[in-house]
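The following paragraphs lead the reader through a protein structure. Please keep the sequence and the model in view while reading.

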Amino acid sequence: MNELHKQTNANIQAKANLIWEIATHLVGLFKPHEYGKVILPMTVLKRFDDALKPTKAAVVEMAKKLDVQHVEGAARDGILCRVSKYDFYNTSNFDFAKLIADPDNVESNFEAYLQGFSSNIKDIIDNFDFANTVKLMVKGGVLFVTLQEFNSAKADMSPEKITSTDMGYIFEELIRKFSESYDEQAGAHFTSRDIIYLMTELLVAPEKAEIMAEGCTKTAYDMAMGTSQMLGCLTERLQAISENASLTCFGQEFNPETYAIAKADMLIKGGNASGMKYGDTLSDDAFSGYEFDYIISNPPFGIDWKREKVQVEAEAKRGFDGRFGPGLPAISDGQMLFMLNGVKKLKEGSGRMAIIQNGSSLFTGDAGSGASAIRRYVIEGDLVEAIIQLPTDLFYNTGISTYIWILTRDKDLNRGGKMQLIDASKCFVKRRKNIGSKRVDLDDACIDLILRAYEEFGNETYEENGLVVESKVFDNSFFGFTKVTVETAQADKDGKPVLKKGKYQPVKGASDSEIIPLSEDMDAYMQKNVLPYNPLAYIDPTKNKVGYEIPFTRLFYKFVAPTASADIFEEIKALEAEETILMKVLFSHE
C-alpha cells in the first residue's frame with residue numbers, strides 16, 4: 001500500500017492542482033464553492049474525450065452509415081460501442097481540439113458536442129445540471145478559455161497516461177478541495193484509502209488463499225457509494241490477489257454529482273456502469289431482491305431519516321419481507337437502517353459485509369427499543385463476526401471513535417456463536433500534514449497487525465514498533481440481558497406476601513428494575529443481589545424485555561492508578577526549585 005501511495009500521489013497532485021488552477025478563470029462569475037459545477041463535469045468530459053480519441057473518426061463515420069440505413073435504438077448503440085471500444089461514444093464532429101479551433105462558434109459547437117454523446121453519458125451530464133452551468137459560462141465569456149485550458153498537453157487524461165485508479169483519486173481530491181471551499185465536511189463525500197484497504201483485507205481474508213489459487217467471480221455492492229472508490233479499491237485488491245478474479249460492482253448514491261462521477265469512472269474502466277444507480281437507498285431501494293458476495297460501505301451517521309420516514313415505516317410494516325423487520329432506530333440517526341439494508345442483501349451462505357458505524361450503534365436504545373432489537377437480530381442470528389475500533393482522527397470530517405462491523409452469513413466453524421472485538425485505537429501513524437480532521441493514517445504495518453489479530457481470533461494483545469492492537473472473543477449471549485421489573489409485594493400482619501388468586505399484589509410506587517445478563521439464572525440473580533435487601537421483591541415476568549448492547553469501551557478499559565500525592569508534592573518542589581534558579585538568572589542579567 002505504501003508503494004501505491006507513492007505511485008498515485010504524484011499523478012493525483014499534479015493533475016488535481018492543474019485542474020484547480022483552471023478555476024482561477026471562474027473568479028467573479030462563480031463563487032469559490034460553485035467552482036465544482038464547472039470543473040467536475042469538465043474533467044469528466046475531458047476524460048471521455050481523451051479516451052475516445054483513437055476511435056473518434058471511425059465512430060463518426062459509422063454513425064453516418066447507420067443513419068442512412070435507419071438503424072436505431074439498442075442495435076445502433078451496440079454497433080457504435082464496439083467501434084469506440086467503450087460502453088459509450090460521441091457521434092458529433094467535434095472534440096476539445098476542434099472546439100477551440102473555432103472560438104466564434106464555441107457555444108453552438110459545444111452544444112452539438114454534448115448532444116453527440118450516448119444516452120448513458122447524457123445521464124451523467126444531466127446529473128451535473130451542466131446545461132444551466134454552460135449558459136452562465138457563455139454569458140460570462142469563460143466557456144472558450146475553460147475548454148482551452150482543459151485541452152492543454154498537461155491536461156491529457158487519456159487512459160494510457162492516467163489509470164482509472166488514479167483518475168478516481170483525482171476526482172476525490174477535487175471534491176475535497178471544492179468541499180473545503182464551501183466549508184462543507186469533505187468526508188461526507190469519500191473515505192480515505194487507508195480505511196478502505198483495511199476493510200477490503202477484512203472482507204477477503206477468509207478466502208484469500210482460495211482466490212489466489214483458483215480466482216473467483218464475485219459481486220459487490222456499496223449502498224452509499226459516493227464516487228465509488230470503495231468498489232474500485234475492492235476490485236483492485238481482488239485482481240492483485242489473482243488475475244483470474246472478476247468483480248461485478250453495484251452501487252447507489254443520492255448526491256447527483258458524486259453519482260455522476262461514479263458512473264463516469266465505471267464507464268472508463270469498462271465496468272458495470274449500469275449497476276450504478278441514483279437515488280435514496282433508504283426510501284427508494286434500487287436493488288430490492290438482489291444478493292451480493294461482498295458489501296462494503298461507509299453510510300452517513302448522525303444523520304436523521306426524517307426525509308425517508310414514510311417509506312421506511314411502510315416497509316417496516318412488511319416485517320421480514322422487507323429490509324427493516326427487526327426494528328427501527330431513533331429517527332435522529334439512520335446508520336443502523338443502512339446496516340439492515342446490507343444484511344438483507346448478503347448472499348446466503350457466502351455474503352460478507354464491512355460497514356462503518358459510530359459508537360451509537362453499539363449501545364444506544366434501551367431494551368425493547370428499535371436499536372436494541374436490531375443488535376439482538378444480528379447477534380442472535382450469529383451474523384456479527386467482528387467489530388474493530390479504529391483510531392480517532394482517522395476520517396476527514398470527524399475525530400470521533402468509529403468502528404468497522406464485519407457481518408457474514410459464512411462464519412467459520414470455530415467462530416460460530418462467538419463475536420470478536422478488536423481495539424485498534426492505538427494502531428496508527430501520525431500524518432505530517434493534517435487534512436481536515438484527519439491527523440493519522442493506517443499504513444501497511446497497521447493493517448497487517450489488525451489483520452493478524454483478526455485472523456488469529458483469540459484473546460491476545462499485539463505490540464509491534466509502538467503499535468498496539470488488542471483482541472477479545474466473547475460468546476454471543478455475553479452481550480444480551482433481560483431488563484426485569486422488580487415489584488415489592490404487599491404484606492399482611494405476619495410479614496408474608498399477600499396473594500390474590502395466586503398472584504402477588506404489588507405496592508404502588510415501589511417498582512424498580514434490574515439488568516440481568518442472559519448468561520445468569522434469574523432466580524439465582526435475585527437470591528444473590530435483591531432478596532437479601534428486600535425479601536418481598538419479585539419479578540413481574542410480563543414486563544421482561546430482552547436487550548443487547550456492546551460495551552466496547554468498558555471491555556477494553558485499563559485502570560491507571562492516579563499519581564501518589566507524595567510524588568505530586570516532589571514534582572511541585574522540583575518545579576519551585578527550577579523557578580528559583582531561573583529567576584536568579586533573569587535578575588542577574590538586569
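Is Cys 233 buried or exposed? The structure shown here is a predicted model, and in it Cys 233 counts as buried, because its relative accessibility is 1%. The closest cysteine sulfur to that of Cys 233 belongs to Cys 249 and lies 11 Å away, which is too far for a bond. Cys 249 also provides the closest cysteine sulfur to Cys 81, here at a distance of 19 Å, again too far for a bond. Cys 81 has a relative accessibility of 16% and is therefore counted as buried. A disulfide would require two cysteine sulfur atoms within 2.5 Å, and a search of the whole structure finds 0 disulfides.

The nonpolar interior may be considered next. In soluble globular proteins, nonpolar side chains tend to be buried together. The largest nonpolar core of this model comprises 104 residues, of which Phe 48, Phe 110, Ile 388 and Ile 404 touch the most other members. Helix H2, residues 36-52, gives the most to this core, with 9 residues. Around Phe 110, leaving aside residues up to four places away in sequence, the contacts are Met 42, Leu 45, Leu 99, Phe 130, Val 134, Leu 143 and Leu 147. A second core, separate from the one just described, has 39 residues, including Met 353, Ile 374, Leu 383 and Ile 387.

Gly 116 offers a view of a loop. This residue is found between helix H6 (106-115) and helix H7 (119-127). With a relative accessibility of 7%, Gly 116 counts as buried. Beyond residues up to four places away in sequence, Gly 116 touches Tyr 89, Asn 90, Thr 91 and Ser 92. Pro 391, by contrast, is 275 residues from Gly 116 in sequence, and their C-alpha atoms are 49 Å apart in space.

Charged side chains complete the picture. The search of the whole structure finds 31 salt bridges. One of these joins Glu 313 to Lys 309, with the closest N and O atoms 3.2 Å apart. Both residues lie in helix H15 (residues 309-316), where their separation of 4 residues is about one turn of the helix. Glu 313 is partly exposed, at a relative accessible area of 30%, and Lys 309 is likewise counted as partly exposed, at 34% relative accessibility.

Other pairs link parts of the chain that are further along the sequence. Arg 409 forms a salt bridge with Glu 348, the closest N and O atoms being 4.0 Å apart. This pair links distant parts of the chain, 61 residues apart: Arg 409 lies in the loop between strand E7 (402-408) and strand E8 (418-426), while Glu 348 lies in the loop between helix H16 (335-344) and strand E5 (352-358). Arg 409 counts as partly exposed at 25% relative accessibility, whereas Glu 348 counts as exposed at 57%.

A further salt bridge is formed by Glu 385 and Arg 352, whose closest N and O atoms are 3.0 Å apart. Because Glu 385 lies in strand E6 (residues 384-389) and Arg 352 in strand E5, the pair ties together parts that are 33 residues apart in sequence. Both partners are removed from the exposed class: Glu 385 counts as buried at 2% relative accessibility, and Arg 352 counts as buried at 3%. Finally, Asp 194, Arg 431, Lys 438 and Asp 441 are joined into one network by salt bridges that share partners.

Technical notes: Residues numbered from 1 in each chain as written. Predicted model: local features only at pLDDT ≥ 70, side-chain atom pairs only at ≥ 80, totals over all residues. Heavy atoms only, no water. Helix = DSSP H or I, 4+ residues; strand = E, 2+ residues; numbered from the N terminus. Buried < 20%, exposed > 50% of the residue type's maximum accessible area, 1.4 Å probe, protein only. Contact = heavy atoms within 4.5 Å. Core = buried A, V, L, I, M, F, W, Y, C linked by side-chain atoms within 4.5 Å.
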